[in-house]
Amino acid sequence: MIIKKMRRIVPILVMASTFLPGWGATFYLSFNQHSTQNLFQTRDAVSDQISAFSLAIDQDFSALSLIAKAEYSAFREASGLSFFAADLGLDYLVPAGRKSALYFAAGVAGQFYRQTYEPFSSLGANLLGAFKTYLAPSSIMKVQWQGAYAVYKDPLFDYLSQTASLSVDKYFPSRTTLKADAEWGYKYFLHPFLPEPVEAAPATMLMSGGGTGGQGQPGTGGGGTGSGWGGQGYQGGSGFMPRYSSAGGGAGIGHVSASLLAAQGIGDAVGLSASAVRQWVVAGENPFLSIEEFYFVQNPSADSFSWEGHQLNGRITLAFPWDVSLKTGYTYSDKTYPGVESLGADGLPLGLLRNDRRNLLEARLQKDFRRFSVFLAYSHVDNTSTDPLFVWKSHFIMGGFEWNLPTGRKGGV
Amino acid sequence: MRSMVMLLPLLVALAVVPATGQVPGHFYNVDTEIGIEATVREIVLEPRYKGTAPFLVLRVEESGTAKAFDVEIAPSWFFGQDVHGGEKVKIVGSLTEAPGTKPTIIARELKLRGETFKLRDKRGFPSWQGGPQRKRGIRRFGRT
């Protein structure tokens with residue numbers, strides 16, 4: 001279906017790029033096909049195939065730029081996860097002398113799901129401010145602040161968040177780059193608790209099950225028994241579990257992190273890098289009793305705010321003749337989710353915070369042509385967890401192309 | 001017949017594009033395209049074209065000849081990529097040399113740290129993308 005739509009859209013874009021040369025906009029078109037053996041990333045693997053199509057338009061007005069992007073992703077089996085997403089953003093670059101600049105960006109974004117996954121549908125806004133300066137020709141300092149606000153169809157997930165970061169790097173004549181980064185972040189869920197049921201129990205009740213979007217039942221939510229966002233017949237996920245609270249109100253989780261990166265160039269064709277990140281949760285905890293992480297789907301309960309621990313990464317980039325490149329990487333992560341209990345196969349708490357250790361191998365082969373790129377990517381994940389539901393291994397394969405159609409003036413810009 | 005209908009806009013585009021959009025003076029001239037290996041000496045942000053954001057410009061020194069060039073990269077690269085003084089680069093681009101001025105290369109391709117960055121297509125049309133806000137993509141493993 002997407003292919004048919006593209007056959008209609010592409011000629012229109014080509015015509016637009018031809019006859020609007022003074023407009024100066026660039027169209028970006030991409031089509032990706034994904035294949036996953038484990039869509040919901042749990043012990044109960046569910047295969048699926050995803051076709052993702054996106055169209056973006058980028059237009060500069062002096063130092064101000066406008067970007068609009070629309071995406072549609074179709075899930076073959078879990079069709080309820082098919083979603084449409086749209087972004088609209090403005091950014092502005094302000095020089096501050098010859099060696100420094102300020103960058104500001106503002107945007108709005110929406111994601112719209114169907115059927116049982118409609119609780120994930122959201123509208124949001126974000127702001128970004130950054131300052132970059134050359135301390136010396138071989139050393140760069142960057143300071144950045146980002147704020148975001150999002151409202152969801154299920155208001156449990158509504159949040160405000162902000163992050164601030166500082167990084168400094170240094171390039172050495174040995175072609176080595178060292179970079180240190182520090183970050184602070186805080187995410188505040190505006191009303192993440194369900195009102196306490198009449199005959200219910202303690203303020204922080206485990207295994208409350210269900211949530212507003214699912215069909216879960218108390219006491220069965222953790223076992224992958226068919227409850228959760230997917231409703232009846234849902235084979236993945238844990239059955240999302242919010243907390244009950246008579247007090248209501250919001251809840252936040254804050255972290256600080258430090259990271260180091262070393263990169264080394266070897267000859268013209270090889271780039272190596274190694275990085276390490278350590279993150280600590282310094283305020284609050286996850287307000288939800290479960291964390292869900294679906295392939296290719298943004299889950300509001302699982303993101304960079306939800307964990308503490310460390311992550312190690314190694315990466316090799318190889319540039320071959322004929323504009324072919326290969327990027328491979330390995331990542332090991334050890335993440336603990338404060339506030340999230342590990343549950344046994346019987347759905348009862350094990351008395352341990354959920355901790356996941358993950359080995360991830362990634363490879364991406366890309367060939368660039370004049371106007372477009374084609375690529376093939378592969379990932380393998382081996383995840384162990386203190387919660388038996390999240391002990392899983394899987395392969396992910398993705399292929400696709402990305403195409404840009406400039407309508408800009410030839411030459412300068 | 002349907003295939004021909006689909007192909008028609010493409011053929012029209014190929015026929016028309018080379019004749020449109022030229023601006024006089026400072027422009028990408030494929031006839032003066034050169035490739036050099038160089039060392040970055042300085043990185044500056046300079047206004048280059050009326051009505052556009054300032055450009056990231058690399059002051060480089062060609063390996064072997066020590067000849068100095070200014071290399072125009074792109075308007076948003078100042079935030080998108082980190083280029084350092086002392087880094088070795090390979091540049092393919094259009095050379096413009098006016099009397100009394102430093103030779104300037106409008107970069108089409110930049111090889112840096114084993115990666116190749118395509119800044120323009122082979123006819124000089126820009127293909128750079130915007131700043132950090134535009135780096136959104138699909139959620140990848142290992143990023144959360």
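Colleague: Which residue in β5(B) is the bridge partner of B:Gly93?

Modeller: In this predicted model, B:Gly93 is bridged to B:Ala107 of β5(B).

Colleague: One bridge is just one bridge. What makes β4(B) and β5(B) a pair?

Modeller: The count does. Pairing takes at least two bridges. Strand β5 of chain B (residues 104–112) is joined to β4(B) by 8 bridges, so the two strands pair by that cut-off, and they run antiparallel.

Colleague: How do you know that β4(B) pairs with β1(B) too?

Modeller: Use the cut-off again: at least two bridges are needed, and β1 (residues 33–46) and β4 (residues 88–96) of chain B have 7, therefore they qualify as a pair. The sense is antiparallel here as well. B:Gly35, for instance, has B:Val92 in β4(B) as its bridge partner.

Colleague: Where do those strands fall in the overall order of chain B?

Modeller: Chain B has 2 helices and 6 strands, and the sequence order reads α-β-β-β-α-β-β-β. Strands are numbered from the N terminus, so β4 is the strand right after the second α in that pattern.

Colleague: Over in chain A, what makes β2(A) and β3(A) a pair, and what do they form?

Modeller: They have 12 bridges, antiparallel, between residues 48–61 and 64–75. With at least two required, they count as paired. A:Ala56 sits opposite A:Lys69, for example. Together they form a hairpin with 2 residues between the strands, and A:Ser62 in the turn has a positive phi of about 55°. β3(A) also pairs antiparallel with β4(A) (residues 83–95), over 10 bridges; there A:Glu71 stands opposite A:Ala85.

Colleague: Why is B:Ile91 listed with the largest nonpolar core?

Modeller: A core is made of buried nonpolar residues, and buried takes 20 or more other C-beta atoms within 10 Å. B:Ile91 is in the 36-residue core, so B:Ile91 must meet that cut-off. B:Ile91 is also among those with the most contacts inside the core, along with B:Leu56, B:Leu58, B:Val71, B:Ile73 and B:Ala107.

Colleague: Which elements give two or more residues to this core?

Modeller: From chain A, β5 (100–113) and β6 (122–136); from chain B, β1, β2, β3, α2, β4 and β5.

Colleague: And which residues does B:Ile91 touch?

Modeller: Leaving out residues up to four places away in sequence, B:Ile91 touches B:Gly35, B:Ile36, B:Ala38, B:Val71, B:Ile105, B:Ala107 and B:Leu110. Another core, of 19 residues, lies apart from the 36-residue one, with A:Phe40, A:Ile50, A:Phe83 and A:Val297 among its members.

Definitions and conventions
Residues are numbered from 1 along each chain as its sequence is written. Chains are lettered from A and ligands numbered from 1 in the order in which they are written. This is a predicted model: local features need pLDDT of at least 70, side-chain atom pairs count only at pLDDT 80 or more; totals for chains, interfaces and linings use all residues. Helices (H or I, at least four residues) and strands (E, at least two) are DSSP runs, numbered from the N terminus. A nonpolar core is a set of buried Ala, Val, Leu, Ile, Met, Phe, Trp, Tyr and Cys residues joined through C-beta atoms within 7 Å. A residue is buried if 20 or more other C-beta atoms lie within 10 Å of its own, exposed if 12 or fewer, and partly exposed in between; C-beta atoms are placed from the backbone. Two residues are in contact if their C-beta atoms, placed from the backbone, lie within 7 Å.
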